[in-house]
Amino acid sequence: MDNNYRRSSEEALAESIGLNALREIDKDGLYALSVRLLDDGVCELIVVPDAPVTLKNVLDWEHVVGEMRLLFHGEADIQLRVMDHHEFHRFEQSNEPSYNANLADA
Amino acid sequence: MALKDIQLLKKRANDHWQAALVLASAQNEWAAVAAFYSCFQLARASFLMDPVFDNFAEMKLAHQHLTPDDRYADKHQVRKGSHGFGMVDLVQILYKHVGKNYRVLHQGSVQVRYENGLRPPYNIQDLMDLSQEFQDEFHAGHLIHSRAKELLPTDPEDV
């Protein structure tokens, strides 16, 4: 398979995962939501909270990841990644392929 | 080889939980690992007993890719492109009300075993509480898909 085609197909999948996650995740207290594709085929659902993370947050986000894993079963391996603002800004400035949905103004 | 004897799975679950209690009282983070594996054994016992795997229509309603062989799952996760489901996904499919508890318990176990220990916001007592809640659901007979699908996910505020 052509590498460019494969990459664009993976990016489309990441975008689809991100859009579905957006519908599920409670945006209150969230700065950004993003999906990053890793080399081993894992999609990281990245959440960037505005406040210190609580166990309740993690349980909610893991619930969404669990639902996304079932929705995209066989197509993507999805994992949760929680980043702070500094890490997220470094990630945004990198050239790593990702689908970004900045919720700052949502 | 993974156990298939339900009584033995229940016994091992209790053995792990007793170890978790001892470790937690000493503030040893390996309590999180033992607490997770107590739930792991109960989840396996639940899959073996759950009649959903004997009812093709009900099974496909739960998830179109579910097969009878999934009741024998013993891996935590399967990777992209692999057939079948890992146990973390199966708990989410069949017992959605405790799916996130199980995912978080699994993450805590991974953090202790392979990473630099439990990371905030996880702490030993939180994971013990999540494990206790999962065990309570098992013993209440709620880890049967036909019953579980009527139950809402537990409120994290109660954790």
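Where does P121(B) lie in chain B? The close-ups below, all taken from a predicted model, start there and move on through rings, core and empty space.

**Close-up 1. Two backbone oddities in the loops of chain B.** P121(B) belongs to the loop between helix 5 and helix 6 of chain B. The peptide bond that runs into it from P120(B) is cis, with omega near 10°. The other spot to look at is Q27(B), in the loop between helix 1 and helix 2 of chain B. Its phi is near 55°, a positive value in a residue other than glycine. Both spots catch the eye because most residues other than glycine have a negative phi, and most peptide bonds are trans. The Q27(B) residue is exposed, at a relative accessible area of 62%.

**Close-up 2. An aromatic cluster in chain B.** Counting over all chains, the structure holds 8 aromatic pairs. Take F36(B) and Y37(B): their ring centres are 4.9 Å apart and the planes meet at 75°, so this pair is edge-to-face; the cut-off for that label is over 60 degrees. Ring pairs tie F36(B) and Y37(B) together with F40(B), Y102(B) and F134(B) in a cluster. As for F36(B), it is buried, with a relative accessible area of 0%.

**Close-up 3. A lysine over a tyrosine, and a tryptophan in helix 2.** K4(B) puts its charged end over the ring of Y72(B), 4.9 Å from the ring centre. Elsewhere in the chain, W30(B) is part of helix 2 of chain B. Is W30(B) buried or partly exposed? Its relative accessible area is 42%, so W30(B) counts as partly exposed. From its C-alpha atom to that of R103(B), 73 residues apart along the chain, the separation is 17 Å.

**Close-up 4. The largest nonpolar core, shared by two chains.** This core has 51 residues, and F47(B), Y102(B) and F134(B) make the most contacts inside it. Chain A joins in through helix 2 (55-71), while chain B brings helix 1 (6-25), helix 2 (30-49), helix 4 (87-94), helix 5 (99-114) and helix 6 (124-139); each of these supplies at least two core residues. Helix 2 of chain B has the largest share, with 14 residues. Two of the residues with the most contacts, Y102(B) and F134(B), also turn up in the ring cluster.

**Close-up 5. The largest pocket, lined from both chains.** Its volume is about 690 Å³. There are 29 lining residues, and L80(A), Q107(B), Q111(B), E115(B) and R119(B) are the closest to the pocket centre. Which element gives the most to this lining? That would be helix 5 of chain B, with 7 residues. Helix 2 and strand 3 (77-82) of chain A also supply at least two residues each. By class, the lining splits into 11 nonpolar, 6 polar and 12 charged residues.

**Close-up 6. The second largest pocket.** Here the space comes to about 260 Å³. Of its 16 lining residues, D26(A), D28(A), N57(A), D60(A) and W61(A) sit closest to the centre. Helix 2 of chain A contributes the largest share, 6 residues. The lining has 7 nonpolar, 3 polar and 6 charged residues.

**Close-up 7. A closed cavity with lining from chains A and B.** The count is 1 cavity of 30 Å³ or more, and the largest cavity has a volume of about 90 Å³. Among the residues that line it are R69(A), H73(A), E75(A) and D77(A) from chain A, along with R79(B), K80(B), S82(B) and D89(B) from chain B. Its lining divides into 2 nonpolar, 4 polar and 6 charged residues.

Note on methods
Residues numbered from 1 in each chain as written. Chains lettered and ligands numbered in written order. Predicted model: local features only at pLDDT ≥ 70, side-chain atom pairs only at ≥ 80, totals over all residues. Heavy atoms only, no water. Phe/Tyr/Trp six-rings, centres within 6.5 Å; stacked < 30°, edge-to-face > 60°. Buried < 20%, exposed > 50% of the residue type's maximum accessible area, 1.4 Å probe, protein only. Lys NZ or Arg CZ within 6 Å of the ring centre and 35° of its normal. 1 Å grid on protein atoms, 1.4 Å probe; cavity = no way out; pocket = protein on both sides within 12 Å on 5 of 7 lines; lining within 4 Å. Points joined across faces, edges and corners; volume = space filled by probe spheres on them. Nonpolar A, V, L, I, M, F, W, Y, C, P; charged D, E, K, R; others polar. Core = buried A, V, L, I, M, F, W, Y, C linked by side-chain atoms within 4.5 Å. Helix = DSSP H or I, 4+ residues; strand = E, 2+ residues; numbered from the N terminus.
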